[in-house]
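Open your viewer and get ready to click along. We will go from one selection to the next and see what is there.

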Amino acid sequence: RLAPEAQRVLEASAVLAGPATAPVLAATAALDEDETRHGLAAALASRLLREASPGRFVFRHVLALLAVYEAIPVSERRQLHGRAARSLERVAPQPVVQLARHFREAHEIESWARYAEAAADVAVESGDDRAAVALLHELLVATNHPAEVHGRLARKLAQAATVGVSAHGDMGERVAESLRT
């Protein structure tokens, strides 16, 4: 029942899955400034979106976000993720975890790999070795890499996995098997 601009803003917000600025929503939805303003106003008036903080908008309820996200055709969803990633690349500092997710969902493998490795590095630096292990393991086994990249990822994975080996549980066994392979 909402105007097409509001529907596109809602789809963009569902793909972004977190608080986003109007320019990021506009770039993700491929709308101009006026269309974004009207679409955002309608989405806010419908009470599906809310202002999470000044200038940052998010779904009011996770279930609404999921309903909108799952209603987007897969081919369109891929394009939205690609536009979301390219718009977030211009944000400083770069949200590498979000960039990795969007590029993975857009099936842009090289960009996904670059940002997933950067996100794993951030996780290691912040002491979140479990997140680093999960990212590096997925990156290592999900795609073929040149030998030097494969070796670098295996080294990083082994280092991250040994930091908190007791906390990894089943993941530790999968990591060990992947590294043996």
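Which residue takes a positive phi in the hairpin of S2 and S3? Select Gly55: its phi is positive, near 80 degrees, and the hairpin here has two residues between the strands. Keep in mind, as you look around, that this is a predicted model.

**Stop 1: the whole chain**

Zoom out and colour by secondary structure. The protein chain has ten helices and three strands. Walking along the sequence, you meet them in the pattern α-β-α-α-β-β-α-α-α-α-α-α-α. The chain has 181 residues, and 39% of them count as buried. Now switch on the surface: the accessible area is about 10000 Å², with 55% of it belonging to carbon and sulfur atoms. What about contacts between residues at least 6 apart in sequence? Of these, 54% join residues at least 24 apart.

**Stop 2: the sheet**

Next, select the three strands. They form an open sheet in the order S1-S3-S2, with antiparallel pairing. The edges are strand S1 (20-21) and strand S2 (49-53), each of which pairs on one side only. In general, strands of a sheet pair through backbone hydrogen bonds, and the pairing can be parallel or antiparallel.

Look at one pairing at a time. S1 is joined to strand S3 (residues 56-59) by two bridges, and these strands run antiparallel. Click Ala20 and find Phe57, its bridge partner in S3. Then click Thr21, whose bridge partner in S3 is Arg56.

How many bridges join S2 to S3? There are four, and again the two strands run antiparallel. To see one of the residue pairs, select Arg50 together with Val58, its bridge partner in S3.

**Stop 3: helices on the sheet**

Keep S3 in view and add helix H1 (residues 4-16), which packs on the sheet and touches S1, S2 and S3. Its direction makes about 85 degrees with that of S3. Now add helix H3 (residues 33-45), which also packs on the sheet, touching S2 and S3. The direction of H3 makes about 100 degrees with that of S2.

**Stop 4: two serines**

Stay with helix H1 and select Ser13, which lies in it. Is Ser13 buried or exposed? Ser13 counts as buried because its relative accessibility is 1%, while the cut-off for buried is under 20%. Show what surrounds it: leaving aside neighbours within four places in sequence, Ser13 is in contact with Gly18, Leu25, Leu49, Phe57, Val58, Phe59 and Leu65. You have already clicked two of these: Phe57 is the partner of Ala20, and Val58 is the partner of Arg50.

For the second serine, go to helix H5 (residues 74-88) and select Ser87. Ser87 has 5% relative accessibility, so it counts as buried too. Not counting residues up to four places away in sequence, Ser87 touches Val24, Ala27 and Thr28.

**Stop 5: a patch on the surface**

Finish on the outside. Select Val62, Leu63 and Leu66, which make a nonpolar surface patch of about 320 Å². Leu63 lies in helix H4 (residues 62-71). Why does Leu63 count as exposed? It does so because its relative accessible area is 68%, and exposed means over 50%. Turn the surface on and off here to compare Leu63, which is exposed, with Ser13, which is buried.

How values were computed: Residues numbered from 1 in each chain as written. Predicted model: local features only at pLDDT ≥ 70, side-chain atom pairs only at ≥ 80, totals over all residues. Heavy atoms only, no water. Buried < 20%, exposed > 50% of the residue type's maximum accessible area, 1.4 Å probe, protein only. Contact = heavy atoms within 4.5 Å. Areas by Shrake-Rupley, 256 points an atom, 1.4 Å probe, with all protein chains shown as cover. Patch = residues over 30% accessible without salt bridge, like charges linked within 9 Å, V, L, I, M, F, W, Y side chains within 5 Å. Salt bridge = Lys/Arg side-chain N within 4 Å of Asp/Glu carboxyl O. Pairing = 2+ DSSP bridges. Axes fitted to C-alpha atoms, helices over the stretch in contact; angles between N-to-C directions.
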